[in-house]
Structures are given as C-alpha cells and as structure tokens.
Amino acid sequence: MGDSLSRLSLHKPFSESNESSKRETDNLDVSSNHSEDYSRNGDVSQFPYVEFTGRDSVTCPTCQGTGRIPRGQENQLVALIPYSDQRLRPRRTKLYVTSSVILCLLLSGLAVFFLFPRSIDVSYVGVKSIYVSYDQSNRVVYLNITSTLNITNNNLYSVSVANISAQVQFSKTVIGKSRISNITKIGPLDMKQIDYSVHTVIGDQMSYMYDYCTLTSIKVHNIVIMMQATVTTSYFGHTEQVSLERYQYVDCGKNTTYHKRSNLNLAQLHNLPCLSA
C-alpha cells in the first residue's frame, strides 16, 4: 500500500511537467506565428501587389502572363516594361525591310513593263473598191474610194482608235477629204483591219479628166492618186497619231473591186507617164 502511494506521487509531477512543456511549446508556436504574420505584413507593405482572379480581372501584359489587373482599368494603369524586355527588340527587322524593298522594286518593275507605252503600227493595205459616177453636164468625175488599213497594237493593254482622217490628192490638188470617229478598240498585242471611204470630185480646172475617164477607145483608165491617212489612238488619257501616205493606181473608167495591193512607191512613180491637158 505504501509503495503504491509513493509511485502515484512520483507519476503526478511527471504528468504536470509534460503539461507545462506542452504549454511552453504552444506559446512558442503562437509567438512564431505572430512573428511570421508580422513579417508577411511587412513584405506586403513594401510590394503592394494584389492578385485579382475571376471574371472581373484580365491578364497583366507586363507580368509575363502571371498577374492580373482589375477589368475596366486597362486604359488607366501605366505599365513599366524593363529595357531588356524582348518585346522592345523586334526580330527579323532587316529581313522585313529587305523583303519590303524587294517587293516594291518587283511591283514597280512589273508596272513599268506592262504599262510602258509601245508603238502602234499602221500599214496601208490598199484600195478595196472604187465606185465611179459622172456628171456629164458639168464634166465632173466622182470617185468613192474605199481603202483598208492594218492597225497593230504592240502594247500589253487595249487602245482605242479615236479617229481616222484621210485625204486624196491628184496632180497636187486635194480632191477629197473624210474623217471617221469612235471607230473601235484593239486588244493587247492584237491587229485589226479598218476600212474607210473618201468621196472625191475631179472637175473644174481638171475637167479634161472627164474626157479621159469616159474615153471608150481604151479599156483601162488608170490614174495615180496620193492617199494620205492619219490615225489617232488613245490610251490612259494619252493620244498618239500615226500618219502615212501612199501613191495608188485607180481606174476612173468603171467600178472596180481590188483583191490585191496596187499601191506604188516613189521610185515607181517617176516611171509613170504624165497626163496633161
């Protein structure tokens, strides 16, 4: 009995010492938690950054996608970007500049190549037909001469044939004129044949030609006339004129339709016999 009491008395102070040690450790933990909270509060006061989450916030563009700012204040807040930020150093700048310069030069070269004006060729095919009539009382010969021109467009775009002015001379005297407008359009690198007519009158001082053209003792009543034509073309607001002239045999004794060329050059003209009154 005595031994048991002595043991109980010995166990009691041991339990009390354990409780006191637990209390001390709890007090230490509480004090350490207070010190950590204080240190955290100090850090927050030095770096006043608040993390916003949810639908009322957006990603901060200067935090490398890790921070957020209140929605609606994107145009009010000022972002400070470090000098070493890669966004301040555009990549492949030289490549972009060089590519842009080469592209501009290429487009300019293509525009010059396609839009550079080239020549428009006009060639005289010859007389297509002649319609002859006479005025016996006034001793006048009327010739309605239809001629053909070849117009070639060497440009890479369409051109418009604005007008054709023509005149016919006989013995250095103008016996007929004509002008036709708004004729046709010629496509790129294309060629068209255009017919035009000139009404001529041979009379007055040249009334002797009436006797020659109506002379029945000869079958062919050829005379030499000079055909002059001026073709006006337009493209992109620019007009261009091409003129040409040819000496031509025509038969003033009957209506004629020609199937081949019958134009002359100047060398052949010197060998022709001249008609005189």
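User: What percentage of the contacts with a separation of 6 or more comes from residues 24 or more positions apart?
Analyst: This is a predicted model, in which local features need a pLDDT (the predictor's confidence in each residue, from 0 to 100) of at least 70 and side-chain atom pairs count only at pLDDT 80 or more, while totals for chains, interfaces and linings use all residues. Residues are numbered from 1 along each chain as its sequence is written, and side-chain values use heavy atoms, with hydrogens and water left out. A contact means heavy atoms within 4.5 Å, and among contacts in the protein with a separation of 6 or more, the share that falls to residues 24 or more positions apart is 60%.

User: What is the mean pLDDT of the protein, and how many contacts does the stretch 261-277 have beyond near neighbours in sequence?
Analyst: The mean pLDDT is 76, with 68% of the residues reaching 70 or more. Over residues 38-49 the pLDDT is below 50, and beyond near neighbours in sequence this stretch has three contacts in the model. Where pLDDT is low, the predicted coordinates should not be read in detail. The pLDDT is also below 50 over residues 261-277, and the contacts of this stretch beyond near neighbours in sequence number 25.

User: How many helices and strands does the protein have?
Analyst: Helices (H or I, at least four residues) and strands (E, at least two) are taken as DSSP runs, numbered from the N terminus. Counted in this way, the secondary structure of the protein comes to four helices and 11 strands.

User: Which residues touch the most other members of the largest nonpolar core?
Analyst: Buried means under 20% relative accessible area, exposed over 50% and partly exposed in between (1.4 Å probe, protein chains only), and 26% of the 277 residues count as buried. A nonpolar core is a set of buried Ala, Val, Leu, Ile, Met, Phe, Trp, Tyr and Cys residues joined through side-chain atoms within 4.5 Å. The largest such core has 39 residues, and those that touch the most other members are L143, L149, Y196 and I223. Elements that each supply at least two residues of this core include β3, β4 (140-153), α3 and β8 (222-235), and one of the residues just asked for, with contacts that include Y124, I164 and M227, is Y196.

User: Which strands are the edges of the open sheet of four strands?
Analyst: Two strands pair if DSSP finds at least two bridges between them. The order in the open sheet is β7-β4-β3-β10, with antiparallel pairing; β3 and β10 are joined by two bridges, and S129 stands opposite T257 in β10. The strands that pair on one side only, and are therefore the edges by the bridge criterion, are β7 and β10.

User: How many bridges join β8 to β9, and which residue in the turn has a positive phi?
Analyst: The two strands run antiparallel and are joined by 14 bridges, and Q228 stands opposite E245 in β9. Most residues other than glycine have a negative phi. β8 and β9 form a hairpin with two residues between them, and the turn residue with a positive phi, of about 55°, is F236.

User: Where is L189, which has a positive phi, and is this residue buried or exposed?
Analyst: L189 has a phi near 50°, a positive value in a residue other than glycine. L189 lies in the loop between β6 and β7, and with a relative accessible area of 59%, L189 is exposed.

User: Which parts of the chain does the aromatic pair of Y134 and Y210 tie together?
Analyst: Rings of Phe, Tyr and Trp (its six-membered ring) pair if their centres lie within 6.5 Å, and planes under 30 degrees apart count as stacked, over 60 as edge-to-face and the rest as tilted. The structure holds four aromatic pairs; one of them joins F113 and F114, whose ring centres are 5.2 Å apart with the planes at 85°, so this pair is edge-to-face. Y134 and Y210 are also edge-to-face, at 6.0 Å centre to centre and 85° between the planes. Y134 is partly exposed at 33% relative accessibility and Y210 is buried at 11%, and the pair ties together parts 76 residues apart in sequence, namely strand β3 (residues 120-135) and helix α3 (residues 208-213).

User: Which residue has its charged end over the ring of F113?
Analyst: F113 is partly exposed, with a relative accessible area of 46%. A charge sits over a ring if NZ of Lys or CZ of Arg is within 6 Å of the ring centre and within 35 degrees of the ring normal. The residue whose charged end sits over this ring, 5.3 Å from its centre, is R118.

Technical notes:
Lists of a residue's contacts leave out its neighbours within four places in sequence.
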